[in-house]
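Visitor: I am new to this structure and would like a close look at one part of it. Please pick a part where side chains meet and take me through it step by step.

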Amino acid sequence: MLALTNNAALVIQSLTNSPDLPGSAGLRITAQPEDQQSLSLAVAPEPTAGDEVVEEQGARVFLEPSASSMLDEMVLDAEVDAQGSVQFFLGTQSGSGSPTA
């Protein structure tokens, strides 16, 4: 199952803690139909039927089934640059290898 770093949890919370979104909001990750190796991320008000829900440190992530299988045993990390742009990274839970974009 996908794990979240402290940074990723904080970034996801900041993206989903908006008065315009319900308390059930989270970050939804989907696999691109045309390229099963590419992922798309978007804030969603709630999970879609069939999504796996990961809740860690107050952050919610909704994994569409294809994305869920791709991200099994992965760690999601995030950072915000000086301009406020968010970048997410994936690494392995075992800690081997370096994170990739």
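Guide: Helices and strands here are DSSP runs, numbered from the N terminus, with at least four residues (H or I) for a helix and at least two (E) for a strand. With those terms, serine 24 can be placed in the loop between α1 (6-16) and β2. The part I will describe begins at this serine and goes on to arginine 60 and aspartate 51.

First, some background. The model is predicted. Its pLDDT averages 89, and 91% of the residues score at least 70. Among the elements, β3 has the lowest mean pLDDT, 85, while strand β5 (residues 59-63) has the highest, 97. Over residues 96-101 the pLDDT is below 50, and this stretch has 7 contacts in the model beyond near neighbours in sequence.

The protein contains 2 helices and 7 strands. Read from the N terminus, the order of the elements is β-α-β-β-β-β-α-β-β. A compact globule of 101 residues would have a radius of gyration near 13 Å, and the protein agrees with this because its own value is 13 Å. Its C-alpha atoms fill a box of roughly 40 × 35 × 25 Å along the principal axes. Of the 101 residues, 36% count as buried. Among contacts between residues at least 6 apart in sequence, 51% join residues at least 24 apart.

Now to serine 24 itself. Its relative accessibility is 27%, so serine 24 counts as partly exposed. Leaving out residues up to four places away in sequence, serine 24 touches Pro45, Glu46, Arg60 and Phe62. Two of these contacts can be described in terms of polar atoms. A polar atom of the side chain of serine 24 lies 2.8 Å from the backbone oxygen of proline 45. The backbone oxygen of serine 24 is in turn reached by the side chain of arginine 60, at 2.5 Å. For a contrast within the sequence, leucine 39 is 15 residues from serine 24, yet the two C-alpha atoms are 22 Å apart.

The second contact leads to arginine 60, which is found in strand β5. Is this residue buried or exposed? Arginine 60 counts as buried because its relative accessibility is 18%, and the cut-off for buried is under 20%. Setting aside residues up to four places away in sequence, arginine 60 touches Ile12, Ser24, Ala25, Gly26, Leu27, Pro47, Val53, Val54 and Glu55.

One of those partners, glutamate 55, brings in a charged pair. Side chains of opposite charge can pair when their charged atoms come close. The side chains of glutamate 55 and arginine 60 meet in a salt bridge, at 3.7 Å from N to O. The two ends differ in their exposure: glutamate 55 counts as exposed because its relative accessibility is 57%, whereas arginine 60, at 18%, counts as buried.

How many salt bridges does the structure hold? There are 2. The other pair joins arginine 28 and aspartate 51, with the closest N and O atoms 2.7 Å apart. This pair links distant parts of the chain, 23 residues apart: arginine 28 is in strand β2 (residues 26-32), and aspartate 51 is in the loop between β3 (35-44) and β4 (52-56).

Aspartate 51 is the last stop. Its relative accessible area is 12%, so aspartate 51 is buried. Besides the polar contact of 2.7 Å between its side chain and that of arginine 28, a polar atom of the aspartate 51 side chain lies 2.9 Å from the backbone nitrogen of threonine 48. Apart from neighbours within four places in sequence, aspartate 51 is in contact with Arg28, Phe62, Leu63, Glu64 and Pro65. Phe62 has also appeared above, among the residues that serine 24 touches.

To put the part together: serine 24 has a side-chain polar atom 2.8 Å from the backbone oxygen of proline 45, and its own backbone oxygen is reached by arginine 60. Arginine 60 also forms a salt bridge with glutamate 55. Aspartate 51, in the loop between β3 and β4, forms a salt bridge with arginine 28.

Notes: Residues are numbered from 1 along each chain as its sequence is written. This is a predicted model: local features need pLDDT of at least 70, side-chain atom pairs count only at pLDDT 80 or more; totals for chains, interfaces and linings use all residues. Side-chain values use heavy atoms; hydrogens and water are left out. A salt bridge is a side-chain nitrogen of Lys or Arg within 4 Å of a carboxyl oxygen of Asp or Glu. Buried means under 20% relative accessible area, exposed over 50%, partly exposed in between (1.4 Å probe, protein chains only). pLDDT is the predictor's confidence in each residue, from 0 to 100. Contact means heavy atoms within 4.5 Å. The radius of gyration is taken over C-alpha atoms; the globule rule is 2.2 Å times the number of residues to the power 0.38. A polar contact is a pair of N or O atoms within 3.5 Å; within protein, one must be able to donate a hydrogen and the other to accept it, and residues adjacent in sequence count only if both atoms are side-chain atoms.
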